[in-house]
Amino acid sequence: MSDTVSLCGLGNMGGAVAGRLAAHRPLLAFDLDAERVTQVTQDPRITAAGSVADLAASDIVVLSLPSPKVSLQVVAELAPRMPAGGVIVETSTVNPTDMHEEQKLCTAHGIGIVDAAILSGVSQMAGGSATLLVGGDESDVDKVTGVLDAISATTTRFGPVGSGMAAKVINNAVAHAVMVVLAEAAALAAATGVSGSALAALLSGPEAGLTRPLTHRFVERILRGDYDGGMPTEAARKDSTLALAMAQDTGVPLFGIQGAHTVYELGVAEGLGRLDYASIATLWERWTSRPMAETSNDKGDER
């Protein structure tokens, strides 16, 4: 296999990826913006490619592109030209369905593809502390381990193609939803005389409202399918009702907390009242016909 790796896309993140890769291997790079190419090729370890097609000279091509449409176009151009057994590493943010479309193009030409979603900002990438969420066939991931290690400090394998991107989208969705709930909590605190800094200290504790739902109810209950004992769903519904009443008394608009309350109403109506309130997860199991409890084989592999 060629020692040179190729990179397509030299935006803010792509430029940082270029620096990480060039520190470990010769790099062939391309971007439609000539100024960006000129900037990164000031590093003598980086060579400018004349076109996307030229990148196919490498066995491994890394993508850092602005949209799923552009990624698909680039993969369509690269796959027929790359050496058999080569691998494309997709670091652009796309959805699992986009990864599956890219995989079809690659498979038709004997090329592997790995999704390596970047769960970090540009500064973390440049500084070597980025995290990658990886999906793909194990044999393909193994081929590009050196490249992944050059890009990131931590790599977690989630499963087949698309699972790394799915993990990133889920993580970001949780972060954005929690941000709404935290804004509502801050408004309730201000309206009731609770110190914001004291509330932050409370919520960050191991037994509090941010951490406990993850470490106990998600990990120890939902993933094990164990809902016996614990705080019952009807008690969670009662507490949620108190929060809604306090918001009404203080004139604080609620969106996330109000929406979440509906689930507890449904849970009690569906017979989950005496089970631990993590049992609301079974509502989604019924709606999607997909179990959430997992075996040891389902767990991700962090490296």
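The following dialogue examines how several descriptions of this predicted model are justified.

Student: What makes serine 289 count as exposed?

Tutor: The cut-off for exposed is over 50% relative accessible area. Serine 289 has 62% relative accessibility, and therefore counts as exposed.

Student: Where is serine 289 found, and what is its phi?

Tutor: Serine 289 belongs to the loop between H13 and strand S9 (301–302). Its phi is positive, about 60°, although the residue is not a glycine. This positive phi comes just after H13.

Student: Which residues of helix H13 are called buried, and against what do they pack?

Tutor: In helix H13 (residues 281–288), the buried residues are Ala281, Thr282 and Leu283. The term requires under 20% relative accessible area. These buried residues of H13 pack against helix H12 (256–269).

Student: Why is strand S6 described as mostly covered?

Tutor: A residue is buried under 20% relative accessible area. In S6 (residues 112–118), 7 of 7 residues are buried, and the strand is accordingly described as mostly covered.

Student: How do you know that both faces of S6 are covered?

Tutor: In a regular strand, side chains alternate between the two faces of the sheet, so each face has to be considered. On one side of S6 lie Gly112, Val114, Ala116 and Ile118, and on the other Ile113, Asp115 and Ala117; all are buried.

Student: What makes S5 and S6 a pair of strands?

Tutor: Pairing requires at least two bridges between the strands. Strand S5 (residues 87–90) is joined to S6 by 4 bridges, so the two strands pair. They run parallel. Isoleucine 88, for instance, has isoleucine 113 in S6 as its bridge partner.

Student: Why is the connection from S5 to S6 called right-handed?

Tutor: The chain passes from S5 through helix H4 (residues 96–107) to S6, forming a β-α-β crossover. The term right-handed applies because, with the strands pointing away from the viewer, the path from the first strand over the helix to the second runs clockwise.

Student: How do you know that S6 also pairs with S7?

Tutor: The requirement is at least two bridges. S6 and strand S7 (residues 131–135) are joined by 4 bridges, so they pair. These strands run antiparallel. The bridge partner of isoleucine 118 in S7 is leucine 132.

Student: How many helices and strands are there in the chain, and what percentage of its residues count as buried?

Tutor: The chain contains 13 helices and 9 strands. Of its 303 residues, 40% count as buried.

Definitions and conventions: Residues are numbered from 1 along each chain as its sequence is written. This is a predicted model: local features need pLDDT of at least 70, side-chain atom pairs count only at pLDDT 80 or more; totals for chains, interfaces and linings use all residues. Side-chain values use heavy atoms; hydrogens and water are left out. Buried means under 20% relative accessible area, exposed over 50%, partly exposed in between (1.4 Å probe, protein chains only). Contact means heavy atoms within 4.5 Å.
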